[in-house]
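Work through these exercises with the structure open beside you. Try each task before reading its solution.

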Amino acid sequence: MKIRNLILAVAAVAAGASSMVTTNAFAQAKEQFFPLLSYRTGPYAPNGVPWANGKQDYLKMVNARDGGINGVKLTYEECETGYATDRGVECYERLKSRPGVAIFDPQATGITFALTEKVAADKVPLITLGYGLSVAQDGQAFKWNFPLMGSYWTAADILIQHIGKKEGGLDKLKGKKIALVYHDSPFGKEPIPLLQERAKMQGFDLQLIPVTAPGVEQKSAWLQVRQSRPDYVLLWGWGVMNSTALKEAQATGYPRDKMYGVWWAGAEPDVKDVGEGAKGYNALTLNTSGQQPKVIQDILKYVHAKGQGTGPKDEVGSVLYTRGVIIQMLSNEAVRRAQERFGKGKVMTGEQVRWGMENLALDQKRLDALGFSGVMQPLSTSCADHMGSTSARVQTWDGSKWNFSSDFIQADEQILKPMIKAGADKYLADKKMTRRTAADCQS
């Protein structure tokens, strides 16, 4: 009897374990997981924090308001990288095998470079909105990379167009001096090929002035600026580098209205401590800011009003917070688009989400429905185009707030397309890879 009872007990435990596994599997099967690489510490934290908070709050809002995506709950876990490439790779390796993993947003160009080959092997897409590899716009060469809404080549081209217009035409740039004060990293170096091409075309003198990361010491860089007296300075900075550059420009007497930053150098943390000293400074922007848009109002209603906000309420709607919201919305829409093809209400694999990301079709009607009216431009991706939108506006700091100072400017694809194809072809040749076939584009 003892043996029989023991057998029954073991069977019961086994059945219970099996039931638990089944229950856990079912629970996991209804959860889409978003790994959130972030940096809340170190010299880039002032910019990294609102970005990360926007992503988290959007996930919370969609769960609270909509019950997830067609009944699939959205889950997430943050992993602190400190903006360091090695830590970013460690976060990726730790989180990539989680059940229901959807997509990775590295939040750093260096981490993007390190993960580009890894994600191809692991079949998990990368969203690198406004950063990363410029040549990855070519989706026939870079199947898993999605530099949505712009790259550093499109940013640099837009800035040169805008400055040319201010001068009375691109031909008026001949003989001018334009200095690039840049973060000495893959991020800061990325726009250089486009600027060199434009310098040859327009005949301006391009001066390259690197700043050692993280950018808290820039005396020598601004001594070069003072000595060469460029007509314009392009600022390719991030984190503490941006406010430091503006303070140095003020100290050396370089006019801030002759300074133009990339869209990662045009947020509240970059200028608020400089205040009036940054008045006249210009920067690109991919999105609006403020709490008026419906999506921001929904976040305040469904998340912050319930005391579940990730950060302070007054940060909601700021430039980088809103950009984080956009990034997460696009990731969610890739899942939703994938569900339309592979099964509504099901958890999508990384491969399926990649297809969704490659087939986004966000026209103005869809953006309005999502609550993003006026926040961003419509976006549409394809196998050939992993960017979907290549325009941005210039904004100017008036001493207390940002104001738009241009209409949307479209990057010149006649210049960009040959450069992108040449760069992508070189990458494929170096890696002994070939372009995707028409059949693969449909897969």
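Four exercises on this predicted model follow.

**Exercise 1. Follow the chain from strand β1 to strand β2.** State in which sense β1 and β2 pair, and give the handedness of the crossover.

*Solution.*
- Step 1: Locate the strands. β1 covers residues 31-38, and β2 covers residues 73-80.
- Step 2: Check the cover on β1. Of its 8 residues, 7 are buried.
- Step 3: Look at the pairing. The two strands run in the parallel sense, with 8 bridges between them. One partnership to find is glutamine 32 with leucine 74 of β2.
- Step 4: Trace the path. From β1 the chain passes through helix α2, residues 45-66, and on to β2. This β-α-β crossover is right-handed.

**Exercise 2. Find the disulfide of cysteine 79.** Name its partner, and work out the handedness of the link.

*Solution.*
- Step 1: Apply the cut-off. A disulfide needs two cysteine sulfur atoms within 2.5 Å. Cysteine 79 and cysteine 91 have an S to S distance of 2.0 Å, and a disulfide joins them.
- Step 2: Read the torsion. It is about -75° around the S-S bond of cysteine 79 and cysteine 91, so this disulfide is left-handed.
- Step 3: Place the ends. Cysteine 79 sits in strand β2 and cysteine 91 in helix α3 (residues 85-95), so the bond ties together parts 12 residues apart in sequence.
- Step 4: Check exposure. Cysteine 79 and cysteine 91 are both buried.

**Exercise 3. Do the same for cysteine 383.** Then give the pairing pattern of the bonded cysteines.

*Solution.*
- Step 1: Find the partner. A disulfide links cysteine 383 to cysteine 441, S to S 2.0 Å.
- Step 2: Take the torsion of -40° about the S-S bond. The link of cysteine 383 and cysteine 441 is left-handed.
- Step 3: Place the ends. Cysteine 383 is in the loop between β11 (379-380) and β12 (391-397), while cysteine 441 is in helix α16 (residues 438-442), so the pair ties together parts 58 residues apart in sequence.
- Step 4: Test for burial. Buried means under 20% relative accessible area. Cysteine 383 has 11%, so it is buried. Cysteine 441 has 12% and counts as buried.
- Step 5: Count and number. There are 2 disulfides. In sequence order, the bonded cysteines pair 1-2, 3-4.

**Exercise 4. Describe helix α9 and what comes after it.** Give its reach, and name the residue that follows.

*Solution.*
- Step 1: Take the length. α9 spans residues 240-252, which is 13 residues.
- Step 2: Compare the reach. First C-alpha to last is 18 Å, close to the 18 Å expected at 1.5 Å a residue.
- Step 3: List buried residues of α9. Among them are Met241, Leu246 and Ala249.
- Step 4: Step past the end. Glycine 253 follows α9, with a positive phi near 80°.

Notes. Residues are numbered from 1 along each chain as its sequence is written. This is a predicted model: local features need pLDDT of at least 70, side-chain atom pairs count only at pLDDT 80 or more; totals for chains, interfaces and linings use all residues. Side-chain values use heavy atoms; hydrogens and water are left out. Helices (H or I, at least four residues) and strands (E, at least two) are DSSP runs, numbered from the N terminus. The expected span of a helix is 1.5 Å times one less than its number of residues. Buried means under 20% relative accessible area, exposed over 50%, partly exposed in between (1.4 Å probe, protein chains only). Two strands pair if DSSP finds at least two bridges between them. A crossover is right-handed if, with the strands pointing away from the viewer, the path from the first strand over the helix to the second runs clockwise.
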